Amino acid sequence: GFRYKKFAYFVDCSDIPENLLNELNKERLEILIIDCIQRKPHNTHLNLEKSFALIEKISPKICGLIHMNHDLEHKWLEMECKKHFSFPVFPVFDGQKLQFGVAL
């Protein structure tokens, strides 16, 4: 993953170290994009449960879920995100544009 100012992007990962989670939480990211490949556990990627747990620890202003397989239908995932989070968390898609410092 990488971080640029108040934006962080984590894809193709299976975990984020605790010390980095603490830094990201203190930073109060504007935008987090994070891996969320499927519902069941995966060896090399974050699954739904693990992604949600990391999002809670990081607590960004908004969060996009990326790299989903066919197990995670976008409409269903949008509803699950709304049930679990008090801030915007949503699946992102190819070509989508997100901006820093702009009310979304």
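Okay, so let's start with S1 and strand S2, which covers residues 7–10: three bridges join these two, and they run antiparallel. If you want one pair to look for on screen, take Phe2, whose bridge partner in S2 is Tyr9. And yes, before anyone asks, this is a predicted model.

S1 and S2 form a hairpin with two residues between the strands, and in that hairpin Lys5 takes a positive phi near 50°.

Now move on to the next neighbour. Which way do S2 and strand S3 run? Parallel this time, with four bridges joining S2 to S3, residues 31–35. The pair to find here is Phe7 with Ile31, its bridge partner in S3. A quick reminder for the newer people: strands in a sheet pair through backbone hydrogen bonds, and they can do that either parallel or antiparallel.

Let's zoom out to the whole sheet. It's an open sheet of five strands, in the order S1-S2-S3-S4-S5, and the pairing is mixed. Which strands sit at the edges? Those are S1, residues 2–4, and S5, residues 89–91, and each of them pairs on one side only. Going from one strand to the next, the twist averages 15°.

Over at the S5 end, three bridges join S5 to strand S4, residues 62–66, and these two run parallel. Look for Gly64 there, because I'd like you to see a pair in this part too: the bridge partner of Gly64 in S5 is Phe90. Helix H3, residues 74–84, packs on the sheet and touches S4 and S5. The direction of H3 makes about 170° with that of S5.Next, the other two helices. H1, residues 18–27, packs with H2, residues 48–58, at an angle of about 50°, and their axes are 8 Å apart. That angle makes H1 oblique to H2. Who makes the contact? From H1 we have Glu18, Leu21, Leu24 and Asn25, and from H2 there are Leu54, Lys57 and Ile58. Sorted by class, that contact has four nonpolar residues, one polar and two charged.

Last stop, the pockets. How much volume does the largest pocket have? About 270 Å³. Its lining is made of 16 residues, and the ones nearest the centre are Ile66, His67, Val92, Phe93 and Asp94. As for the mix in that lining, we get nine nonpolar residues, six polar and one charged.

Methods: Residues are numbered from 1 along each chain as its sequence is written. This is a predicted model: local features need pLDDT of at least 70, side-chain atom pairs count only at pLDDT 80 or more; totals for chains, interfaces and linings use all residues. Side-chain values use heavy atoms; hydrogens and water are left out. Axes are lines fitted to C-alpha atoms, for helices over the stretch in contact, and angles run from 0 to 180 degrees between N-to-C directions. Angles under 35 degrees count as roughly parallel, over 145 as roughly antiparallel, 65 to 115 as roughly perpendicular and the rest as oblique. Contact means heavy atoms within 4.5 Å. Ala, Val, Leu, Ile, Met, Phe, Trp, Tyr, Cys and Pro count as nonpolar, Asp, Glu, Lys and Arg as charged, and the others, Gly among them, as polar. Two strands pair if DSSP finds at least two bridges between them. On a 1 Å grid over the protein atoms alone, a cavity is a set of points where a 1.4 Å probe fits but cannot get out, and a pocket is an open set with protein on both sides within 12 Å along at least five of seven lines; lining residues have an atom within 4 Å of a point. Grid points are joined across faces, edges and corners, and a volume is the space filled by probe spheres set on the points.
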